[in-house]
Amino acid sequence: MYGIAGVLASIASLMCPIKTGDLPGLAEDWFLSAPSAARSDVAYVAVATYMIEAGYPGMERMVWLAEVASRNLPGSEAPDITVRMAKGGSIALSQLKGQDVILLFYDRDCAACAEMVCALDGSRVISDAIACGGLVIMAVDVGDSPGAGMFRIPSSWMDCMDEEGVVIREERYFIPYTPVVYLIGKDGIIKLKDAVLMDVERILTPGCKK
């Protein structure tokens with residue numbers, strides 16, 4: 001993976017007016033930006049580690065980003081969070097063990113979030129798993145102004161909010177943008193981080209057998 005970092009540094013050094021001090025921001029745009037086709041926490045951590053060890057200037061943000069991006073990778077246990085439900089009361093992620101969980105972090109004023117909600121809601125694989133009781137979608141609003149927005153969460157999902165900002169403040173999950181989707185298995189282990197619908201459908205455990 002360090003080869004990727006070296007290639008990035010070499011290419012960037014030949015591109016005017018990009019300078020050495022701009023490379024941390026370039027790496028962040030390439031690997032952590034929502035619209036980037038190269039988006040990958042694993043690749044970013046490798047690139048960041050290379051740059052940090054090479055002594056690039058202005059490393060404070062990159063050191064922090066590399067640390068938080070390396071958390072919660074597939075195969076690790078999902079950090080527990082307790083959130084308030086729109087219908088009243090609260091629920092902890094750990095209470096959902098025994099079911100697959102799609103953990104969606106979103107903002108009600110985010111157009112990309114509206115598209116993600118529409119895509120998940122329109123998936124036959126996902127709707128069948130929910131109907132069979134094998135899947136729960138916990139949609140957690142991490143926006144600055146929870147409440148009315150440009151879309152609604154489907155009634156078959158758990159509509160929740162991080163009312164006290166614990167997820168963001170304590171960095172339990174890395175949310176550099178919204179939406180961010182995690183797929184968590186029945187055993188509480190993360191299967192997918194920053195997932196896309198196609199991958200969720202591909203590995204989702206069937207909720208029931210016919």
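Met-116 is buried, with a relative accessible area of 18%, a value that falls under the 20% limit for that class. The model in which Met-116 sits is a predicted one, and this residue, which lies in helix 5, offers a convenient point of entry into it. Leaving aside neighbours within four places in sequence, Met-116 is in contact with Leu-104, Pro-179, Val-181 and Ala-195. Met-116 and Leu-197 are separated by 81 residues in sequence, and their C-alpha atoms are 8.3 Å apart in space.

Helix 5 itself, which spans residues 111-121, has Cys-113, Met-116, Val-117 and Leu-120 as buried residues. Seen down the axis of helix 5, the buried residues fall within an arc of 100 degrees, so they line one face of the helix. On the other side of helix 5, Glu-115 and Cys-118 are exposed. The cover over the buried residues of helix 5 includes strand 3, helix 6, strand 6 and helix 8, the last of these comprising residues 197-203.

Of these covering elements, strand 6 can be followed next. Strand 6 runs through residues 180-184, and 5 of its 5 residues are buried. Val-180, Tyr-182 and Ile-184 point one way from the strand, whereas Val-181 and Leu-183 point the other way, and all are buried. Val-181 is among the contacts of Met-116, and Val-181 in strand 6 also stands opposite Leu-104, a residue that Met-116 likewise contacts. Strand 3, made up of residues 100-106, runs antiparallel to strand 6 and is joined to it by 5 bridges.

Strand 6 has a further antiparallel partner in strand 7, residues 190-193, to which it is joined by 3 bridges. In this pairing Tyr-182 stands opposite Lys-193 of strand 7. Strand 6 and strand 7 form a hairpin with 5 residues between them, and in the turn Gly-188 has a positive phi of about 85 degrees.

Returning to helix 5 and moving along the chain, one comes to Ser-123, which is placed in the loop between helix 5 and helix 6, the latter covering residues 124-131. Ser-123 is buried, because its relative accessible area is 4%. The side chain of Ser-123 reaches the backbone nitrogen of Ile-126 at 3.2 Å, and at the start of helix 6 a side-chain oxygen of Ser-123 also reaches to within 3.4 Å of the backbone nitrogen of Val-125. A polar contact of 2.5 Å, moreover, joins the side chain of Ser-123 to that of Glu-201. When residues up to four places away in sequence are not counted, Ser-123 touches Leu-197 and Glu-201.

In helix 6, the buried residues include Ile-126, Ala-129 and Ile-130. These three cover an arc of only 100 degrees around the axis, which puts them on the same side of helix 6. Arg-124 and Ala-131, on the other side of helix 6, are exposed. What covers the buried residues of helix 6 includes strand 3, helix 5, helix 8 and strand 4, the last formed by residues 135-141. Just after helix 6, Gly-133 takes a positive phi of about 85 degrees.

Helix 2, residues 23-32, is another element to consider for its burial: 7 of its 10 residues are buried, so this helix is largely enclosed by the rest of the structure. The buried residues of helix 2 are Leu-23, Pro-24, Leu-26, Ala-27, Glu-28, Phe-31 and Leu-32.

The cysteines named here can be taken together. Cys-110 is buried, with a relative accessible area of 11%, and Cys-113 in helix 5 is buried as well, whereas Cys-118 counts as exposed at 57% relative accessibility. The structure holds 0 disulfides.

Finally, the protein may be viewed as a whole. There are 8 helices and 7 strands in it, and 45% of its 210 residues count as buried. Among contacts between residues at least 6 apart in sequence, 65% join residues at least 24 apart. The accessible surface of the protein comes to about 10,600 Å², and 56% of that surface belongs to carbon and sulfur atoms.

Terms used: Residues numbered from 1 in each chain as written. Predicted model: local features only at pLDDT ≥ 70, side-chain atom pairs only at ≥ 80, totals over all residues. Heavy atoms only, no water. Buried < 20%, exposed > 50% of the residue type's maximum accessible area, 1.4 Å probe, protein only. Helix = DSSP H or I, 4+ residues; strand = E, 2+ residues; numbered from the N terminus. Pairing = 2+ DSSP bridges. Polar contact = N/O pair within 3.5 Å; in protein donor to acceptor, adjacent residues only side chain to side chain. Contact = heavy atoms within 4.5 Å. Arc of directions from axis to C-beta. Disulfide = S-S within 2.5 Å. Areas by Shrake-Rupley, 256 points an atom, 1.4 Å probe, with all protein chains shown as cover.
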